[in-house]
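Here is a short briefing to read with the model open beside you. Take it topic by topic, and turn the view as you go.

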Amino acid sequence: MREALRLARVAAAAGEVPVGAVVVANAEIIGRGWNAPLTRHDPTAHAEILALREAAKRLANYRLEDATLYCTLEPCVMCAGALVAARLRRLVFAARDLRFGGVRSKFRLADSDVLNHRVEVEEGLLAVESVELLQQFFEKRR
């Protein structure tokens, strides 16, 4: 999660909402991402999506069945759907996204009984640090 926080700071330095994500398999980071929809002109360039893309490319397989994604903020609905599509084993996120959260706050997409795959979900790891980073970012923008 510390690496995800570092990546969130990269996003903030680029003027993006500070969210970072890493995919880990076999105790090794195989995918990294930070929010970049503004700089990439791509509405799907969320930290989680970019980390999943890198991990899948590295493994030459879209299925990430033995992987864990660590993210500084609760994934949105789009990203939660991508976690299910990737057959990710586990998601660990720092802070809830009370406005757009697709895993706990607004929806429970990642471990829904109606989908073909359920992701194990844990929350709260380094939440204070993640929330502080987000608050500082938005305070500067006001």
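The notes below cover the sheet, the helices around it, one cysteine and a pocket.

Keep in mind that this is a predicted model. Its five strands form an open sheet, and its largest pocket has a volume of about 660 Å³.

**The sheet**

- The strands run in the order 2-1-3-4-5, and their pairing is mixed.
- Strand 2 (28–34) and strand 5 (120–123) stand at the edges with a single partner strand each, so one side of each has no neighbour in the sheet.
- From one strand to the next, the twist averages 15°.
- Strand 1 (residues 20–25) pairs with strand 3 (residues 68–73) in the antiparallel sense, over four bridges.
- If you would like a landmark for strand 3, look for cysteine 71, the bridge partner of alanine 21.

**Helices packed on the sheet**

- Helix 1 (residues 2–13) touches strand 1, strand 2 and strand 3, and its direction makes about 150° with that of strand 1.
- Helix 5 also packs on the sheet, where it touches strand 3 and strand 4 (90–95). The direction of helix 5 makes about 55° with that of strand 4.

**Helix 4 and what covers it**

- Helix 4 (residues 77–85) has these buried residues: Cys79, Ala80, Ala82, Leu83 and Val84.
- The cover over these buried residues includes helix 3 (47–59), strand 3 and strand 4.
- After helix 4 comes arginine 87, whose phi is positive, near 60°.

**Cysteine 76**

- You will find cysteine 76 in the loop between strand 3 and helix 4.
- Is this cysteine 76 buried or exposed? Its relative accessible area is 16%, which is under the 20% cut-off, so cysteine 76 counts as buried.
- Leaving aside neighbours within four places in sequence, cysteine 76 is in contact with His46, Glu48, Phe100 and Gly102.
- Arginine 96 lies 20 residues away from cysteine 76 along the chain, and their C-alpha atoms are separated by 10 Å.

**The largest pocket**

- Which residues are the closest to the centre of the largest pocket? Of the 24 that line it, they are Val17, Leu73, Asp97, Phe100 and Phe138.
- Phe100 thus appears twice in this briefing: it is among the residues closest to the pocket centre, and it is in contact with cysteine 76.
- By class, the lining has 13 nonpolar, three polar and eight charged residues.
- Helix 2 (37–40) and helix 5 (127–141) each supply at least two residues of the lining.
- Helix 5 gives the most to the lining, with five residues.

Technical notes
Residues are numbered from 1 along each chain as its sequence is written. This is a predicted model: local features need pLDDT of at least 70, side-chain atom pairs count only at pLDDT 80 or more; totals for chains, interfaces and linings use all residues. Side-chain values use heavy atoms; hydrogens and water are left out. On a 1 Å grid over the protein atoms alone, a cavity is a set of points where a 1.4 Å probe fits but cannot get out, and a pocket is an open set with protein on both sides within 12 Å along at least five of seven lines; lining residues have an atom within 4 Å of a point. Grid points are joined across faces, edges and corners, and a volume is the space filled by probe spheres set on the points. Ala, Val, Leu, Ile, Met, Phe, Trp, Tyr, Cys and Pro count as nonpolar, Asp, Glu, Lys and Arg as charged, and the others, Gly among them, as polar. Two strands pair if DSSP finds at least two bridges between them. Axes are lines fitted to C-alpha atoms, for helices over the stretch in contact, and angles run from 0 to 180 degrees between N-to-C directions. Contact means heavy atoms within 4.5 Å. Buried means under 20% relative accessible area, exposed over 50%, partly exposed in between (1.4 Å probe, protein chains only).
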